[in-house]
2 protein chains.
Amino acid sequence: MEKQTITIYDVAREASVSMATVSRVVNGNPNVRPDTREKVLKVIEKLDYRPNAVARGLASHRTTTVGVIIPDITNIFYASLARGINDVATMYKYNIILASADEGKHKVNTVLESILAKQVDGLIYMGQNIDDSTRKELDRSKTPVVLAGTVDPTAKIGSVNIDYVAAVKEATARLIASGNQHIAFVTGPLNDPINGQYRLKGYQAALAEAKIAYDESLVFETEYSYRAGEAVWDAVKHAGATAAIVTDDELAVGFLNGGVDTGVKIPEDFEIITSNNTMLTEIVRPKLTSIAQPLYDIGAVAMRLLTKMMNKEEIDQNTILLPHSIITRNSTRSK
Amino acid sequence: MEKQTITIYDVAREASVSMATVSRVVNGNPNVRPDTREKVLKVIEKLDYRPNAVARGLASHRTTTVGVIIPDITNIFYASLARGINDVATMYKYNIILASADEGKHKVNTVLESILAKQVDGLIYMGQNIDDSTRKELDRSKTPVVLAGTVDPTAKIGSVNIDYVAAVKEATARLIASGNQHIAFVTGPLNDPINGQYRLKGYQAALAEAKIAYDESLVFETEYSYRAGEAVWDAVKHAGATAAIVTDDELAVGFLNGGVDTGVKIPEDFEIITSNNTMLTEIVRPKLTSIAQPLYDIGAVAMRLLTKMMNKEEIDQNTILLPHSIITRNSTRSK
DNA sequence: GCAACAAATGCAAGCGTTTTTATCTATCTT
DNA sequence: AAGATAGATAAAAACGCTTGCATTTGTTGC
């Protein structure tokens, strides 16, 4: 007694129609007489027939599945994007194949290959820089791709982000306005253009506008993690900084606690602005002033854009910038 | 110039062998002469052939895909489990179809149906109580299922957890030992047996052992969220509690801040023990004493168990309890 | 009542693999 | 040297569905 599956053929026989008709009913094709539709539906119900998505995928070349590449699912930033992606995907009846491509363990290209083999209809890519081999792999597959919270300096690939340059510039200017001359830039990997190009540029632009010399020794590159934040505090302090822009909330929270735990008064003696406005910014004391990105929306809009691509709809704008703002909390002195 | 896919047939022709032989090579079947294997591999390389997983799935009845049902991907608890699941899945060459089934928006059964339609080889289920209709759906599909961090009182379905009864009992006893007579039990949904049966039982057992009467007005049922934690603080305080067991870290962190922000001294005036030992417990001040669950491992072991089921290996133990402990931090008075 | 047309249905060829069965080809045995 | 045996390979039938095309049925107008 094996897993006795009932197929479209069984339904067809039982309803005395052809497989084609059953298929039409199942797929909501309007070219079916109401009474035959009724009849078929009744048999489907009776036999408890469930279409096999794999067979469907093979026959139709559409799997109603999208791949989502995420660097670290436990990082609230990415998880929040994923939530938006998921909701919109569900809305449009797509399933998500999730794969994490954390720098170390799972190499992007391997992961990508396994996802593409599954014939996904589209792909959302988050995190990390896209290198040439990855780009080539994507091109070759001809699968629509959208980057979420991730930047492609060549603007070849569709993407949804905020204006990182402007956001960081504003944040930095804010710190300058409150009297800081030595502002640290505490960042994740600089080889990710989002940091190394966009955010850094905003930081530099604000300095330049205030005629403060850019000092490379105030740039601290580390990884996105709580521990890394704690660990980098001392170095930043010793470099003489009196404020910092931090490019990730986990990192910022670790950094903040690194300071707080050594008795530094924040914001009185040191100001911090972080970048993602996740729940973490509200959990710590003092609460963190943050650049606010519409995380959920970035994910949602990215997925929506992808659905358009998959439907071969006309896309007017494939590089989307969503609005940002700065939420003032208690890690900065009121201005 | 459509997406010109090259198939196993192309490879076979080019290498002047049959499709069957190519298939054997691709699948590492040993019954191929080394020189033919070589020849075929060369052609595969040359044509840059990639097997189509969908066709494979249809022909072999194995998709090398597992479904993962998660209540809320932004909750670090579940995300941590997912990380463990993902790593082991990747190790065994499975892809993950992720679907979130948050109580409200996405109904479990709908989600389940769409995942099962995709012919997943197995399923990891997290969160929420499994009701009869869900159970029926699972049974009918004959797909192996493992619960991760989720309990099935009937023990019919494989699962990986800690001993919640014992853990909560210990934690409660600890609070009793430090002098508390009125200990609140701040919990997520009680209709989830993990709360309503296991944890509550542990809480009651500790009280009973200390001859403290169980007082239902000290049980606070709410949802797993930061806001909910903040919101419930007042009620708990007014109920006269001097300590609390909280069953989720986000909830606990909100609860803690609810207290801290109203000037209550923790742990001097109020003690808190939370349940998941996620990063959040270290981020807040004071840091939270917590029951420690091996989150990553729960996910990893669950996935490993699932692989065994999918291989139809003999399972000696389908209800697995991993060890727990209590990590003492600063939300409890040293004992 | 019949031609002309549109709507509904059926037929059957795929989709790209795996897998069973059969066929071949070496290599041993004695 | 012939028969036996095991290992390689080939042929072809699934797998469960979609879809283009052909055919049938039903409708409409005159």
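## A first contact with the DNA

Which backbone atom lies 3.4 Å from a base oxygen of DNA strand C? That would be a polar backbone atom of Ala59(A). Keep in mind as you look around that this is a predicted model.

Chain B has a backbone contact with this strand too: a polar backbone atom of Ala55(B) sits 3.5 Å from a base nitrogen of DNA strand C. Tyr49(B) uses its side chain instead, with a polar atom 3.1 Å from a phosphate oxygen of DNA strand C.

## Around DNA strand C

Let's zoom out a little. There are 28 residues around DNA strand C, and the ones that come nearest are Ser18(A), Arg24(A), Thr36(A), Ile8(B) and Ser23(B). Sort the surface residues by character and you get twelve nonpolar, twelve polar and four charged.

Helices from both chains pitch in: α2 and α4 of chain A, along with α2 and α4 of chain B, each supply at least two residues of this surface. The largest share, four residues, comes from α4(B). On the DNA side, 63% of the strand C atoms within 4 Å of the protein belong to sugar or phosphate, and the rest belong to bases.

## Around DNA strand D

Now for the other strand. DNA strand D is surrounded by 29 residues, with Ile8(A), Ser23(A), Tyr49(A), Ser18(B) and Thr36(B) the closest. This surface splits into twelve nonpolar, twelve polar and five charged residues. Here, α2 (19-26) and α4 (53-60) of chain A and α2 (19-26) and α4 (53-60) of chain B each give at least two residues. Of the strand D atoms within 4 Å of the protein, 66% are sugar or phosphate atoms and the rest are base atoms.

Some side chains are worth finding on screen. Thr5(A) has a polar side-chain atom 3.2 Å from a phosphate oxygen of DNA strand D, and Thr36(B) has one 3.0 Å from a phosphate oxygen of that strand. Arg24(B) goes for a base: a polar atom of its side chain lies 2.8 Å from a base nitrogen of DNA strand D.

## Strands in chain B

Next, take a look at strand β4 (residues 145-148) of chain B. Is it covered or uncovered on its faces? Both faces are covered, with Val145(B) and Leu147(B) buried on one side and Val146(B) and Ala148(B) buried on the other.

β4(B) runs parallel to β3 (residues 122-125) of chain B, joined by three bridges, and Tyr125(B) stands opposite Leu147(B). Between these strands the chain passes through helix α7 (residues 132-141), making a right-handed β-α-β crossover. β4(B) also pairs in parallel with β5 (residues 158-162) of chain B over three bridges, where Ser159(B) is the bridge partner of Leu147(B).

Definitions and conventions: Residues numbered from 1 in each chain as written. Chains lettered and ligands numbered in written order. Predicted model: local features only at pLDDT ≥ 70, side-chain atom pairs only at ≥ 80, totals over all residues. Heavy atoms only, no water. Near = heavy atom within 4 Å. Polar contact = N/O pair within 3.5 Å; in protein donor to acceptor, adjacent residues only side chain to side chain. Nonpolar A, V, L, I, M, F, W, Y, C, P; charged D, E, K, R; others polar. Buried < 20%, exposed > 50% of the residue type's maximum accessible area, 1.4 Å probe, protein only. Pairing = 2+ DSSP bridges. Right-handed = clockwise from strand over helix to strand, strands pointing away.
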